[in-house]
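Here is a short report on one protein chain. Read it with the sequence and the model side by side.

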Amino acid sequence: MARTTRKALRLALPWCGISRGSVADSKRVFYQCHRCGNCCKWPGEVVVSDREIDAIASYLEMPVDQFVEQYTKVRANRQGLTLIEKPNNECIFLDGIDCTINPAKPDQCAGFPNTWNFPGWEKVCEATPVHLDQD
Ligand code: SF4
Ligand code: SF4
């Protein structure tokens, strides 16, 4: 059975800053995720917008208010909601190395490390570069 884990990002990492406008953008390199699941395990926030909440709740076939109550909490900065974590800091939707909401995962998860990353991300992410055609 194919794995369903996808790259996920966890914001507010305690040991690094966030960098948007990544190397992938500037040098026409795409980083291919190898579904190690690491980015679903480290501490941080997985921010979810109203649209993403609707999509995940629909995927799980549960009412939106129930999803919000059961699987989200207010972000540390009080600006929006984040998915809750397990006691070991893994995302609540991680099962082994698989994302159980993969078809509806938040943009934050789908974007790492190409649309956003942080200094030193290569040390904790197994994605490998695919060089795109140059102009
Ligand atoms: S390869 Fe990188 S983006 Fe993919 S799951 Fe692992 S840490 Fe996440
Ligand atoms: S929603 Fe899925 S891809 Fe995103 S952090 Fe959680 S388990 Fe990982």
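## Contacts of F93

Not counting residues up to four places away in sequence, F93 touches L83, C99, T100 and I101. The model is a predicted one, and every contact below should be read in that light.

F93 also belongs to the largest nonpolar core. Along with V46, L83 and C91, F93 is among the residues with the most contacts inside that core. L83 thus turns up twice: as a contact of F93 and as a well-connected core member.

## The largest nonpolar core

This core has 21 residues. Which elements each supply at least two of them? They are β3, residues 47-48, and α2, residues 50-59. Helix α2 gives the largest share, three residues.

In soluble globular proteins, nonpolar side chains tend to be buried together.

## I53 in helix α2

I53 is found in helix α2. Is I53 buried or exposed? I53 has 21 C-beta neighbours inside 10 Å, so it counts as buried. The cut-off for that class is 20 or more.

Which residues does I53 contact, once neighbours within four places in sequence are left aside? They are V48, V64, F67 and V68. Take V64 from that list. I53 and V64 are eleven residues apart in sequence. In space, their C-alpha atoms are 7.1 Å apart.

## A three-stranded sheet

Strands β3, β5 and β4 form an open sheet, in the order β3-β5-β4. The pairing is antiparallel. Which strands lie at the edges? They are β3 and β4, the latter spanning residues 72-74. Each of these two pairs on one side only.

Strand β5 covers residues 81-83. Three bridges join β4 to β5, and the two strands run antiparallel. Within this pair, T72 stands opposite L83 in β5. L83 therefore links three parts of this account: the sheet, through its place opposite T72; the core, where L83 is among the residues with the most contacts; and F93, which touches L83. Strand β3 has two roles as well: an edge of the sheet and a supplier of at least two core residues.

## The chain as a whole

How many helices and strands does the chain have? There are four helices and nine strands. From the N terminus on, the elements run β-α-β-β-α-α-β-β-β-β-α-β-β.

The chain has 135 residues, and buried residues make up 27% of them. Consider next the contacts between residues at least 6 apart in sequence. Of these, 78% join residues at least 24 apart.

Notes:
Residues numbered from 1 in each chain as written. Chains lettered and ligands numbered in written order. Predicted model: local features only at pLDDT ≥ 70, side-chain atom pairs only at ≥ 80, totals over all residues. Core = buried A, V, L, I, M, F, W, Y, C linked by C-beta atoms within 7 Å. Buried ≥ 20, exposed ≤ 12 C-beta atoms within 10 Å, placed from the backbone. Contact = placed C-beta atoms within 7 Å. Pairing = 2+ DSSP bridges.
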